[in-house]
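This briefing addresses pockets, sheets and helix packing. Please consult the sequence and the structure shown here alongside the text.

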Amino acid sequence: MKILAIESSCDETAAAVVEDGRKVLSSIVASQVAEHKIYGGVAPEIASRRHAEAICQVVREALEKAGCRLSDIEAVAVTYAPGLIGALLVGVNYAKALAFAAGKPLVPVHHLRSHIAANYLTHQELKPPFFCLVVSGGNTMMVEVRDYTDFHIVGRTRDDAAGEALDKAARTMGIPYPGGLNLDKLAGKGNPSAYHFPTPRVEGCPYDFSFSGLKTSVINIIHNASQKGEEISAEDLGASFMHAVASVLCGKVEKAIDEFGYGTLVLAGGVSANSVLRDMVEKMCRRKNIRLFLPELSLCGDNAAMVGAQGYYEYLSGNIAGPELNAYAGMDIDNIIK
């Protein structure tokens with residue numbers, strides 16, 4: 001079964017053709033990073049306009065690269081939540097029109113579900129149930145993946161997502177956008193023990209995260225040094241901050257796995273490409289004899305191939321939408337709206 005998938009939740013306009021939820025026939029991504037770099041982050045209105053300009057060509061290229069015509073496609077899958085509302089609406093409206101005109105089923109796909117599904121493209125043998133840490137610029141949560149379309153949230157961030165904290169810390173340190181990626185590169189040269197950061201806790205909720213305090217600590221360290229006329233080592237501060245964030249994530253995952261008894265851990269989301277987090281989680285899994293699945297680096301960021309992978313399983317479960325499908329800026333991973 002071939003699915004044409006469309007992704008436009010943030011600043012990548014993407015389209016892909018995926019077969020049976022596991023095989024990528026084509027994956028096209030039009031990135032806006034260079035333009036948003038001017039503003040130090042994603043400008044939502046500009047992102048929406050660029051999606052509208054790029055989406056037709058991106059879809060056309062995805063079909064051509066896959067060697068398909070629209071008549072060969074059996075369903076159209078699209079990201080409809082969560083994300084930047086204007087950006088999502090471009091993809092949703094285009095997919096609705098395309099599906100209607102071609103007489104194809106329309107499959108709504110949750111963005112975070114598709115990040116998890118990126119692992120199905122990387123690891124053909126991976127099947128639920130498993131435990132998953134989803135870490136991205138806008139979301140951080142631990143999820144029980146009980147089946148392909150059955151999810152249970154164990155813990156989530158109460159404020160900033162881990163990726164957001166990395167981006168904001170990078171901006172404070174004067175590191176250019178995209179902050180998290182450039183911070184990762186810079187911190188590889190630093191000493192992760194050079195600066196001390198607190199370990200944030202959410203009282204009464206051992207599996208929930210909080211990263212706003214860590215972000216504030218970076219700001220305070222830089223301001224205090226500036227007031228004293230001291231120089232800050234960006235490499236050391238970046239390495240220490242990344243180590244602190246990864247330690248929080250890894251520590252809570254280990255605690256949850258011990259309690260819930262999972263033998264398989266999956267990482268998903270843009271921050272799953274972070275070298276410090278990958279290394280720390282790999283060491284933890286080796287120590288505890290846990291099977292670890294990581295998405296291919298090219299599939300960590302936003303792309304439409306992962307939407308096609310999850311779209312296949314949503315289609316099999318009967319999750320088909322009509323022309324009334326809307327976009328939603330926020331929605332839990334364990335909820336769907338048709």
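Which residues line the second largest pocket? Its lining consists of Thr199, Pro200, Arg201, Val202, Cys205, Pro206, Ser247, Val248, Gly251 and Lys252. The model described here is predicted. The points below treat the pockets, the cavity, the two sheets and the helix contacts in turn.

**Pockets**

- The largest pocket encloses about 1,600 Å³ of space. Its lining comprises 50 residues, of which Cys10, Ser136, Gly137, Gly138 and Asp167 are the closest to the pocket centre.
- Four elements each give two or more residues to the lining of the largest pocket: helix H4 (111-122), strand S7 (140-147), helix H5 (162-172) and helix H6 (179-187).
- H5 makes the greatest contribution to the lining of the largest pocket, namely seven residues.
- Sorted by class, the lining of the largest pocket contains 19 nonpolar, 20 polar and eleven charged residues.
- The second largest pocket has a volume of about 180 Å³. Five of its lining residues are nonpolar, three are polar and two are charged.

**Enclosed cavity**

- One cavity of 30 Å³ or more is present in the structure. The volume of the largest cavity is about 40 Å³.
- The largest cavity is lined by Leu166, Met242, Val245, Ala246, Leu249, Val271, Asn274 and Leu277.
- Helix H8 gives four residues to this lining, the most of any element.
- In terms of class, the cavity lining has seven nonpolar residues, one polar residue and no charged residue.

**Sheet S3-S2-S1-S4-S5**

- An open sheet of five strands follows the order S3-S2-S1-S4-S5, with mixed pairing. Strand S3 (23-31) and strand S5 (106-110) each have a single partner strand and stand at the edges, so one side of each has no neighbour in the sheet.
- On average, neighbouring strands of this sheet are turned by 20° against each other, with direction ignored.
- Strand S4 (residues 75-81) and S5 run parallel and are joined by five bridges. Within this part of the sheet, alanine 81 stands opposite histidine 110 of S5.
- Helix H3 (residues 85-102) lies across strand S1 (2-7), S4 and S5, and runs at about 155° to S4.
- H4 also packs on the sheet, where it touches S1, strand S2 (12-19), S3, S4 and S5. The direction of H4 makes about 95° with that of S5.

**Sheet S8-S7-S6-S9-S10**

- A further open sheet is formed by five strands in the order S8-S7-S6-S9-S10, and its pairing is mixed. Its edges are strand S8 (150-156) and strand S10 (291-293); each has a single partner strand, so one side of each is left without a neighbour in the sheet.
- From one strand to the next, the twist averages 25°.
- Strand S6 (residues 130-135) and S7 run antiparallel, joined by six bridges. Phenylalanine 130 stands opposite valine 145 of S7.

**Helix contacts**

- Two packed helices are described by the angle between their axes and the distance between the axes.
- The axes of H5 and helix H8 (residues 234-260) come within 11 Å of each other and cross at roughly 170°. Angles over 145 degrees count as roughly antiparallel, and H5 is therefore roughly antiparallel to H8.
- On the H5 side, the contact is made by Ala162, Ala165, Leu166 and Ala169; on the H8 side, by Phe241, Met242, Val245 and Leu249. The contact of H5 with H8 comprises eight nonpolar residues, with no polar and no charged residues.
- Leu166 of H5 and Met242, Val245 and Leu249 of H8 take part in this contact, and these four residues are also among those that line the largest cavity.
- The axes of H4 and helix H10 (residues 305-316) come within 7 Å and cross at roughly 95°. H4 is therefore roughly perpendicular to H10.
- From H4, the residues His111, Arg113, Ser114, His115, Ala117, Ala118, Tyr120 and Leu121 meet Ala305, Met306, Val307, Ala309, Gln310, Tyr313 and Glu314 of H10. The contact of H4 with H10 holds nine nonpolar, four polar and two charged residues.

Notes. Residues are numbered from 1 along each chain as its sequence is written. This is a predicted model: local features need pLDDT of at least 70, side-chain atom pairs count only at pLDDT 80 or more; totals for chains, interfaces and linings use all residues. Side-chain values use heavy atoms; hydrogens and water are left out. On a 1 Å grid over the protein atoms alone, a cavity is a set of points where a 1.4 Å probe fits but cannot get out, and a pocket is an open set with protein on both sides within 12 Å along at least five of seven lines; lining residues have an atom within 4 Å of a point. Grid points are joined across faces, edges and corners, and a volume is the space filled by probe spheres set on the points. Ala, Val, Leu, Ile, Met, Phe, Trp, Tyr, Cys and Pro count as nonpolar, Asp, Glu, Lys and Arg as charged, and the others, Gly among them, as polar. Two strands pair if DSSP finds at least two bridges between them. Axes are lines fitted to C-alpha atoms, for helices over the stretch in contact, and angles run from 0 to 180 degrees between N-to-C directions. Contact means heavy atoms within 4.5 Å. Angles under 35 degrees count as roughly parallel, over 145 as roughly antiparallel, 65 to 115 as roughly perpendicular and the rest as oblique.
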